[in-house]
Amino acid sequence: MRIQKITLADIEWNEWNGFVLTILGIEYQGETKGFEGELLGLHFSKNHLIFEIAFIQFTVKSPFL
């Protein structure tokens, strides 16, 4: 296992992802599989709303698509 990135806190806004709030983000790469997750995360755009709590992701698609 090789850790690629650890993010303590991140807030961003961009055209592609919309609003992103991340607390303790971890990204690592194993020999065959990788993992990317957040202890607490919120992603909000016109297409979706994603909550991530304890590295488990819940996605709600926009009903307007």
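In what order do the elements of the protein run from the N terminus on? They run β-β-β-β-β. The model described here is a predicted one, and its secondary structure comes to zero helices and five strands. Along the principal axes, the C-alpha trace spans about 40 × 25 × 20 Å. The protein has 65 residues, and buried residues make up 22% of them.

A good place to begin a tour is the largest pocket, which holds about 270 Å³ of space. Its lining counts 16 residues, and those closest to the centre of the pocket are K5, T22, E36, E38 and H43. Three strands each supply at least two residues of this lining, namely β1 (residues 2-14), β2 (18-29) and β3 (34-44). Which strand gives the largest share of the lining? That strand is β2, with five residues. By character, the lining divides into two nonpolar, seven polar and seven charged residues.

Two of the residues closest to the centre of the pocket, K5 and E36, are worth following further. E36 is found in strand β3. With a relative accessibility of 60%, E36 counts as exposed, because exposed residues are those over 50%. Although E36 and Q4 are 32 residues apart along the chain, their C-alpha atoms are separated by 9.5 Å.

K5 leads to another feature of the model. How many salt bridges does a search of the whole structure find? The search finds one, and in it the side chains of K5 and E27 meet, with 4.0 Å from N to O. This pair links distant parts of the chain, as K5 belongs to strand β1 and E27 to strand β2, 22 residues apart. Side chains of opposite charge can pair when their charged atoms come close. Are the two partners buried, partly exposed or exposed? K5 has a relative accessibility of 44% and so counts as partly exposed. E27, at 25%, also counts as partly exposed, because that class lies between the 20% limit for buried residues and the 50% limit for exposed ones.

Strand β2 offers one more residue to look at, L21. Its relative accessible area is 26%, so L21 is partly exposed. L21 and G41 are 20 residues apart in sequence, while 5.5 Å separates them in space, C-alpha to C-alpha. A contrasting pair is formed by F35 and N14: these residues are 21 apart along the chain, and their C-alpha atoms are separated by 23 Å.

F35 also introduces the surface of the model. This residue is found in strand β3 and, with a relative accessible area of 30%, is partly exposed. Which residues form the nonpolar patch on the surface? The patch is made of I23, F35, L39, L40, F51, I53, F55, I56 and F58. Together these residues have about 770 Å² of accessible area. The strands β3, β4 (48-53) and β5 (56-61) each supply at least two residues of the patch, and the largest share, three residues, comes from β3. One of the patch members, F58, lies in strand β5. F58 has a relative accessible area of 45%, so this residue is partly exposed.

The chain between β4 and β5 deserves a closer look as well. Where is A54 placed? A54 sits in the loop between β4 and β5, and the place of F55 is in the loop between β4 and β5 too. The phi angle of A54 is near 55°, a positive value in a residue other than glycine. For F55, phi is near 70°, again a positive value in a residue other than glycine. A54 has a relative accessible area of 43% and is therefore partly exposed. F55 likewise counts as partly exposed, at 30% relative accessibility. Besides its place in this loop, F55 is among the residues of the nonpolar patch.

Key:
Residues are numbered from 1 along each chain as its sequence is written. This is a predicted model: local features need pLDDT of at least 70, side-chain atom pairs count only at pLDDT 80 or more; totals for chains, interfaces and linings use all residues. Side-chain values use heavy atoms; hydrogens and water are left out. On a 1 Å grid over the protein atoms alone, a cavity is a set of points where a 1.4 Å probe fits but cannot get out, and a pocket is an open set with protein on both sides within 12 Å along at least five of seven lines; lining residues have an atom within 4 Å of a point. Grid points are joined across faces, edges and corners, and a volume is the space filled by probe spheres set on the points. Helices (H or I, at least four residues) and strands (E, at least two) are DSSP runs, numbered from the N terminus. Ala, Val, Leu, Ile, Met, Phe, Trp, Tyr, Cys and Pro count as nonpolar, Asp, Glu, Lys and Arg as charged, and the others, Gly among them, as polar. Patches are made of residues with over 30% relative accessible area and no salt bridge: like charges are joined within 9 Å, nonpolar side chains (Val, Leu, Ile, Met, Phe, Trp, Tyr) within 5 Å. Accessible areas come from the Shrake-Rupley method with a 1.4 Å probe; for residues, only the protein chains shown count as cover. Buried means under 20% relative accessible area, exposed over 50%, partly exposed in between (1.4 Å probe, protein chains only).
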